[in-house]
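Thanks for making the time this morning. Let me put the structure on the screen, and then I will take you through a cavity and a few charged pairs.

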Amino acid sequence: MLELVQAGASGILMGGFYALLALGLTLAWGFLDTIDFAHFAFIFGFGYVTYELATRGMDPLAVLLVVAPLGAAAGAGWRFLMRRLRLDAARSLVFTFGVLVVFEGLSKMVWTADYRRIPVAQNPYAAGALALGELALPITQVLSFTVAMLVAVAVAVWLRATYPGRALRAAVSDEEMARACGADVERLRLLMAALGGATAGVAGVLIAMNHALYPNAAEQWIGLLFAAVILGGIGNPAGVVLGGMVIGVGEAIAQALGATAVARLVGACALLAGLLVRPEGLLPSALVRRDG
């Protein structure tokens, strides 16, 4: 029984981490109408930046202060480029996938195909665990979960309680009406892209602290993160947290029961089940409201 409780706790922590990785993806899809594979390139690009800075003596958590603003700038620049290209949703999907492939090739040229992991000497958080009764929770997973929850809550509050957030939601429902009411929709979308880029920067730091980096590492995350987005409801920060936790707990419980092969299928099964049973997601999404 204790093993299952430990697995459930680990799954919740991992689910929060999935949510952070998928947050920028669901925001771009819901508010910018872009299924953005380049988001993975941003995450792992900032992961490599974290690796370089940490192995040169910078505390990995302090790297957040560097890459979050860099991510915001990159996200805004990316949105500017995408707007200039004027690609429809289908072409933008193909284009951003091509960008991810190019990123993988470039990262192989720069960092080779070798696995890159921040040594424990430069990443002391990787060596410890917090005791919660009889449970042991790795510090890096607790840190990742805490940061993920703070970021997701901040984004959700921003969308609901601030003028830019409410105007963006209104633009998703009726863009012409939002413009008629004085909202500068394109500027708001630029702001949303910057926010998504900042989340990619934060996710890059945490993925470098928790996992090894290699050129095609993004491929193992694509299915999981799209499953979290679909399961939670496109464009919904709270939903992607819920979706991530459902997948994380499912994987952890399957592994605890010795069904490692099943654990690897949890993300794919969640994606298929979500599309077949509740395509609008477990929680309402901005994109669904617009189409409805």
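Sixteen would be a long list to read aloud, so I will say that the largest cavity has 16 lining residues, and that Ala28, Leu32, Asp36, Trp78 and Ala193 are the ones nearest its centre. A cavity here is a set of points, on a 1 Å grid over the protein atoms alone, where a 1.4 Å probe fits but cannot get out, and lining residues have an atom within 4 Å of a point. Its volume is about 160 Å³, where volume is the space filled by probe spheres set on the points, and points are joined across faces, edges and corners.

Please keep in mind that this is a predicted model, in which local features need pLDDT of at least 70 and side-chain atom pairs count only at pLDDT 80 or more, while totals for chains, interfaces and linings use all residues. Residues are numbered from 1 along each chain as its sequence is written, and side-chain values use heavy atoms, leaving out hydrogens and water.

Turning to charges, the whole structure contains six salt bridges, each being a side-chain nitrogen of Lys or Arg within 4 Å of a carboxyl oxygen of Asp or Glu. One of them joins Glu52 and Arg56 at 2.4 Å, N to O, and another joins Arg187 and Asp184 at 3.7 Å. Arg79, Arg83 and Glu186 are linked in a salt-bridge network.

Key
1 Å grid on protein atoms, 1.4 Å probe; cavity = no way out; pocket = protein on both sides within 12 Å on 5 of 7 lines; lining within 4 Å.
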